[in-house]
Amino acid sequence: MPARLLQIWERLLGSGLYIGDHMVRENVQWSRISKANRLIVKPNFDALDHASPSPESGPEMAVLSSVVQISSSDYYLTADGGYRGASSFLPEFAPVKPSCTNEWPDIEPFKTNFNVVKDNIKWLQDVATIDGFVLKCGLVPPYTDNFRFKVRHVLFEPLQCSEASTNDAEDGEENSDKVDDLDGIFLIENWPTFNDTAKGGLENIKKTHRVVPIPAYDMKGNLIDPRQYRCALEGATVELHFTLTHWSFPAKADQPASMGVDTYTGDIVMIRVISPPIYTPGTPSKRTVSRFFDPNQSPTKKGRC
């Protein structure tokens, strides 16, 4: 095993929150916080690289980790989340949440560990499942034979009233003073979109929201340019850190109780590329251009160049 991969593996194991290890089950628990169940670190959890929070700070969300390959299936981890207009599920642009699914990495020991990742994710879901409910959604796509799990990122957050007033008065100058030219792409006024509908949606929220870039980093530790999310991340093998939240929704009045739904979401905390995407296009025929064309020869007939 290359030394770099061994270091990553040992660091994740030492964190106590690596879901490629069954021991993670000893260190986390579900806790009711507000209207949802959130996966938190057990109060007595202690790891070499983990600092326990003070009692006043309340429960600490468990930041799980894994090494995965970001799948090309259901890939929406882009700067506009693939937004194509208002729908019943997404009525406006502001709540857009870029997402991706994650599958077996082709790198050992993480490839072998992914069997444990699969077991642990299913176990974490089962522990939180409401008795009698049979439907689970949000985390593991139900329509695939190959196990994958989904994570997302909340891209925009509302400004506080005072912040919105400041931005209106200064037209973004305060933010511009805090970054150099290279960082400008990470500001909402420069944030990229890839169709006119998303562009219009972004314009509507520039004075009311701030953008929170996807915390995704390349192999050198640089924050990835939002214009490059797809080419840098789709198909890449990455170190993924995320949190888990669970909601339960009872069945409708005219349905049996078993039709209640358990919904799980994984929220990205950090992505670090370990190995970039490997593009494996087909094998198109080699294209050549002749210096001379014989007018008596068919253009479709192969000739020597």
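A pocket, as the word is used here, is an open set of grid points where a 1.4 Å probe fits, with protein on both sides within 12 Å along at least five of seven lines. In this predicted model, the largest pocket holds about 660 Å³ of space. Its lining is made up of 23 residues, and those closest to the centre of the pocket are Phe-89, Leu-90, Lys-97, Ser-99 and Lys-150. For a reader with the structure open, these five residues are a handy place to begin looking.

The strands also help in finding the way around this pocket. Both β6 (149-152) and β11 (261-275) contribute at least two residues each to the lining of the largest pocket. Of these, β11 gives four residues, the largest share of the lining. In chemical character the lining of the largest pocket is mixed: ten of its residues are nonpolar, nine are polar and four are charged.

Turning to the surface, Val-134, Leu-135 and Met-259 together make a nonpolar patch of about 240 Å². Met-259 sits in the loop that runs between β10 (237-249) and β11. The relative accessible area of Met-259 is 34%, so this residue is classed as partly exposed. That value also meets the accessibility requirement for joining a patch, because patch residues need over 30% relative accessible area.

The backbone offers a few details worth a look on screen, and one of them is a cis peptide bond. This bond leads from Glu-108 to Pro-109, and its omega is near 5 degrees. Pro-109 belongs to the loop between β4 (99-103) and α2 (110-128).

Positive phi values in residues other than glycine form another point of interest, and Ser-34 is one example, with a phi of about 60 degrees. Ser-34 lies in the loop between β1 (28-33) and β2 (36-41). With a relative accessible area of 64%, Ser-34 is exposed, because the class begins at over 50%.

Asp-74 is likewise not a glycine, and its phi is positive, near 55 degrees. The loop between β3 (64-70) and β4 is where Asp-74 is found. Is Asp-74 buried, partly exposed or exposed? Its relative accessibility is 26%, so Asp-74 counts as partly exposed, given that buried means under 20% and exposed means over 50%.

Methods. Residues numbered from 1 in each chain as written. Predicted model: local features only at pLDDT ≥ 70, side-chain atom pairs only at ≥ 80, totals over all residues. Heavy atoms only, no water. 1 Å grid on protein atoms, 1.4 Å probe; cavity = no way out; pocket = protein on both sides within 12 Å on 5 of 7 lines; lining within 4 Å. Points joined across faces, edges and corners; volume = space filled by probe spheres on them. Nonpolar A, V, L, I, M, F, W, Y, C, P; charged D, E, K, R; others polar. Patch = residues over 30% accessible without salt bridge, like charges linked within 9 Å, V, L, I, M, F, W, Y side chains within 5 Å. Areas by Shrake-Rupley, 256 points an atom, 1.4 Å probe, with all protein chains shown as cover. Salt bridge = Lys/Arg side-chain N within 4 Å of Asp/Glu carboxyl O. Buried < 20%, exposed > 50% of the residue type's maximum accessible area, 1.4 Å probe, protein only.
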